[in-house]
Amino acid sequence: MQNHPGNRLHYGDNLAVLRAQVDDASVDLVYLDPPFNSNATYNILFRSPAGAQADAQIEAFEDSWHWNDVAEDAFDQVARSGNTKAFDLLNAMRAFLGENDMMAYLAMMAVRLLELHRVLKPTGSLYLHCDPTASHYLKLLLDSVFGPERFRSEIIWKRTSSHNSARRWGPIHDVILFYSRSQDFTWNRTYTAYDESYTRSYYRHVDEQGRRFRLSDLTASGTRNGESGRPWNGFNPTAHGRHWGVPSVAKEAFGERDLTPHGWLDLFLAEGMIAMTGDGGGWPHVRRYLDKMPGQAVQDIIDDIPPLSQRHAERLGYPTQKPLALLERIIAASSSADGTVLDPFCGCGTAVHAAQKLGRNWIGIDVTHLAISLIEKRLKDAFPGIGFTVEGTPKDLASALDLAARDKYQFQWWAVSMVDAMPFGGRKKGADGGVDGIIYFKPDGKRTEKAIVSVKGGANVGVQMIRDLHSAMERDKAPIGVFITAAMPTSVMEREAAAVGRFKAEATGRTYPRLQIITLAELFQGKRPEIPLVDAHAAFRRAGREEKPQGRLL
């Protein structure tokens, strides 16, 4: 097993990647959001300059899990894992549920949770994001893998506003299950801003500088011996049946300090935080200034981070995209600055984006090239000059041909990403009309046109494929077509492509071949389509540029 250094994305089945590429006890925090919503199909939505949504979406993945040979093998792997508790539970679930879609999902998840437990450090934690469809089953699985005593929190995230349901309570939340690898786990106290109504109710005093504060009694009931009971600044708590009690929140304003009760009182006095109240103005209170308070400690109900809608700037079009703020909160709370964050279902890369923003190391895994290419663009837009590696995608002609032989659609999506085109069409036969990708460009610097891309990964190509692409260009009114081929084109194909003619771009004054043939070998040599004034972000929503990495969240 080799643990590659540095931040990295992996294309492939996360089970295989975890076993081959991630060492034991090497990860500080795992966040996973494995999709399950029976028979749901998700589309990545791309932004079409023409405004036609039908031309701007592609099936990204299908999360319909079915009981088949793959699910049976996952079940058997858990049986052979040596974790008898996990297998006993999974076997009981199978007896209860039968061999259905939910059981297939749970078998797939169980074998992966065993691997995620293996790669976590003793101080590490795991957060599993799910919805109530499967959260109760997943919690049992996590109990069997981690141990029920390692359960830390069930976090409720309010993922939408009110939801009208005719015959049930409106479903508006997701569940995030938090487990630790051991009792000695990383935990950083993390805070959120106080609610405005809270500050109005409790921080209702304002000093001469306009600073809001609340008053807290510096004494507590009962007498004490020692310094806690001795007079300070003319006030004797023992005379009132009380003792000095320094509020813990006040300590948070200054951090943990090794001070005696009188030492804290002297600090408050020096900072101008003592106020004498009560009858005759003789009872000491501390001014707890709002601007010195760290905020509200994070709670297990998150209702201050809204879900992403189409109007949000960070929305990239991925169907299950979570808000960046949600992942920042989790990563800030459960990892250190030099820690490594792993997301084995990374989708559009929100977890790795948040990890990068907070200065953590990260590993992302996804089974589709669509996700990997989207994450690459997202990270490069958000963090110009960022360095990371991408593992599992073709690096040479042999590996590209291997991918073409194994998975036609993943090969097409990879090839399309190589020329910075928007993927088009999905797995449904004939849905793409012969078009696998689209490149938008502005030949006059203003008007948007499109070049269509056709990808062929087979060993045999012929002139009819060129004619089909030309017909698609005429049908879609595309000035340019790009034919990417694994096999070498014939001379007849090259003559047919040349006969389509050339296209003149007003903005550049140059002409360009209307139908261009590029081989895989040429792609690896750096050749790209000749297209003027390509708008690289016409189809892909651009992630906003981030500032320098942050330390802790407030």
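**A sheet and a pocket in a predicted model**

User: Which way do β22 and β23 pair, and over how many bridges?

Analyst: In this predicted model, strand β22, covering residues 449-456, pairs with strand β23, covering residues 480-485, in the parallel sense and over 6 bridges. Within that pairing, I452 stands opposite G481 in β23.

User: What sheet do they belong to, and in what order do the strands run?

Analyst: They are part of an open sheet formed by 5 strands, with the order β20-β21-β22-β23-β26 and mixed pairing. The edge strands are β20 (422-423) and β26 (515-519), each of which pairs on one side only.

User: And which strands does helix α13 lie across?

Analyst: Helix α13, made of residues 408-418, lies across β20, β21 (437-441), β22 and β23, and the helix runs at about 135 degrees to β22.

User: Switching to pockets: what volume does the second largest one have, and which residues lie nearest its centre?

Analyst: The second largest pocket has a volume of about 810 Å³, and of the 33 residues that line this pocket, D131, R159, D174, T320 and K322 lie nearest its centre.

User: How does that lining divide by residue type, and which strands each supply at least two residues?

Analyst: The lining of the second largest pocket divides into 15 nonpolar, 10 polar and 8 charged residues, and β5 (120-130) and β7 (173-180) each supply at least two residues of that lining.

User: Zooming out, how many helices and strands are there, and what share of the residues is buried?

Analyst: The protein has 16 helices and 26 strands, and 51% of its 554 residues count as buried. Among contacts with a separation of 6 or more, 67% are accounted for by residues 24 or more positions apart.

Methods
Residues are numbered from 1 along each chain as its sequence is written. This is a predicted model: local features need pLDDT of at least 70, side-chain atom pairs count only at pLDDT 80 or more; totals for chains, interfaces and linings use all residues. Side-chain values use heavy atoms; hydrogens and water are left out. Two strands pair if DSSP finds at least two bridges between them. Helices (H or I, at least four residues) and strands (E, at least two) are DSSP runs, numbered from the N terminus. Contact means heavy atoms within 4.5 Å. Axes are lines fitted to C-alpha atoms, for helices over the stretch in contact, and angles run from 0 to 180 degrees between N-to-C directions. On a 1 Å grid over the protein atoms alone, a cavity is a set of points where a 1.4 Å probe fits but cannot get out, and a pocket is an open set with protein on both sides within 12 Å along at least five of seven lines; lining residues have an atom within 4 Å of a point. Grid points are joined across faces, edges and corners, and a volume is the space filled by probe spheres set on the points. Ala, Val, Leu, Ile, Met, Phe, Trp, Tyr, Cys and Pro count as nonpolar, Asp, Glu, Lys and Arg as charged, and the others, Gly among them, as polar. Buried means under 20% relative accessible area, exposed over 50%, partly exposed in between (1.4 Å probe, protein chains only).
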